[in-house]
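Reader: I am a first-year student, and I should be grateful for a close look at a single part of this structure, namely its nonpolar interior. Please set that part in the context of the whole chain and go on to some individual residues.

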Amino acid sequence: MDPQNKMTITLKDGDVVIELLPDVAPEHVARIRELANSGEYDNVAFHRVIEGFMAQTGDVEYGDMEGGFNARLVGTGGSSQPDLKQEFSGVPFEPGIVGMARSSNPDSANSQFFIMFERAGSLDGQYTVFGRVVHGMEHVNNIKRGDAAANGAVQNPDRMIKVRVGE
């Protein structure tokens with residue numbers, strides 16, 4: 001794998017290696033690289049985690065558990081960069097796929113993303129895929145789950161300790 005397309009997320013149980021897919025979503029991969037390499041993803045919470053579905057993180061505005069964490073607003077923020085236009089593809093949403101979170105507007109992805117636990121065909125062609133887990137899925141599977149009655153909101157959530165792109 002090209003080092004520029006290797007993203008490593010350090011979780012409480014170990015490292016997760018994600019292969020970035022610039023051929024599928026070049027603008028989204030560029031944004032993820034930029035935010036990771038500037039340290040903006042470090043200490044960001046997995047604020048929405050739904051058993052049998054996915055773990056969502058990446059709110060760099062309200063999700064930093066070392067500074068600026070806001071339990072009421074986490075999940076509504078983004079980065080200082082503008083939102084991205086969708087880059088939908090034919091890549092199916094199956095376990096280990098990493099996709100961009102967005103609002104109901106298809107062109108509203110910014111910094112938040114999610115990692116799939118299970119297959120979710122309803123997302124296919126509706127959300128941008130930018131990567132896939134190639135190592136450490138067992139650590140993703142250990143992320144603290146949220147309250148199903150609260151749309152997956154997590155009390156005292158796990159976090160991405162450190163995120164980096166490259167070797």
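Author: The radius of gyration of the protein chain is 14 Å, which agrees with the value near 15 Å that a compact globule of 167 residues would have. This is a predicted model. Along its principal axes, the C-alpha trace spans about 35 × 35 × 35 Å. Of the 167 residues, 48% count as buried. The surface that the protein chain exposes amounts to about 7600 Å², and carbon and sulfur atoms supply 46% of that area. The chain carries 15 positive and 24 negative charges, and the mean positions of these two groups are 2 Å apart.

The order of the elements comes next. The protein chain has two helices and ten strands. Read from the N terminus, they follow the order β-β-α-β-β-β-β-β-β-α-β-β. Contacts between residues 24 or more positions apart make up 65% of the contacts with a separation of 6 or more.

We may now turn to the interior itself. In soluble globular proteins, nonpolar side chains tend to be buried together. In this model, the largest nonpolar core has 33 residues, and those that touch the most other members are Met7, Ile9, Ile18, Tyr41, Phe113 and Phe130. Several elements give two or more residues to this core, among them strand 1 (6-11), strand 2 (14-20), strand 7 (113-116) and strand 8 (129-135). Strand 6 (97-100), strand 10 (162-165) and helix 2 (137-140) are also on that list. Helix 1 (26-37) belongs there too, and with four residues it gives the most to the core. Apart from this core lies another, made of eleven residues, including Leu21, Met54, Phe93 and Leu123.

Which residues does Thr57 contact, leaving aside its neighbours within four places in sequence? The partners of Thr57 are Val44, Ala45, Phe46, His47, Gln112, Phe113 and Met160. One of these partners, Phe113, is among the core residues that touch the most other members. Thr57 itself is found in strand 5, which covers residues 54-57. Its relative accessible area is 0%, so Thr57 is buried. Eleven residues along the chain separate Thr57 from Phe46, and their C-alpha atoms are 4.4 Å apart.

Val134 offers a second case, in strand 8, one of the elements that give two or more residues to the largest core. Is Val134 buried, partly exposed or exposed? Val134 counts as partly exposed because its relative accessibility is 42%, a value between the limits of 20% and 50%. Not counting residues up to four places away in sequence, Val134 touches Met1, Val17 and Glu19. A further pair is Val134 and Val16, which are 118 residues apart along the chain and have C-alpha atoms separated by 7.8 Å.

The loops deserve attention as well. Asp83 has its place in the loop between strand 5 and strand 6. With a relative accessible area of 44%, Asp83 is partly exposed. Beyond the residues up to four places away in sequence, Asp83 touches Asp107, Ser108, Ala109 and Asn110. From Asp83 to Asn110 the separation is 27 residues in sequence and 4.7 Å in space, C-alpha to C-alpha. Asn141, in the loop between helix 2 and strand 9, is likewise partly exposed, at 37% relative accessibility. The C-alpha atoms of Asn141 and Gln86 are separated by 27 Å, and the two residues are 55 positions apart along the chain.

Two further asparagines concern the backbone. Asn43 has a phi near 70 degrees, a positive value in a residue other than glycine. Asn156 is not a glycine either, and its phi is also positive, at about 50 degrees. Asn43 lies in the loop between helix 1 and strand 3 (44-45), whereas Asn156 is found in the loop between helix 2 and strand 9 (159-160). Are these two residues buried or exposed? Asn43 is buried because its relative accessible area is 19%, and buried means under 20%. Asn156, by contrast, counts as exposed, with 64% relative accessibility.

Definitions and conventions
Residues numbered from 1 in each chain as written. Predicted model: local features only at pLDDT ≥ 70, side-chain atom pairs only at ≥ 80, totals over all residues. Heavy atoms only, no water. Rg over C-alpha atoms; globule rule 2.2 N^0.38 Å. Buried < 20%, exposed > 50% of the residue type's maximum accessible area, 1.4 Å probe, protein only. Contact = heavy atoms within 4.5 Å. Areas by Shrake-Rupley, 256 points an atom, 1.4 Å probe, with all protein chains shown as cover. Lys, Arg positive; Asp, Glu negative; His and termini not counted. Charge placed at Lys NZ, Arg CZ, Asp CG, Glu CD. Core = buried A, V, L, I, M, F, W, Y, C linked by side-chain atoms within 4.5 Å.
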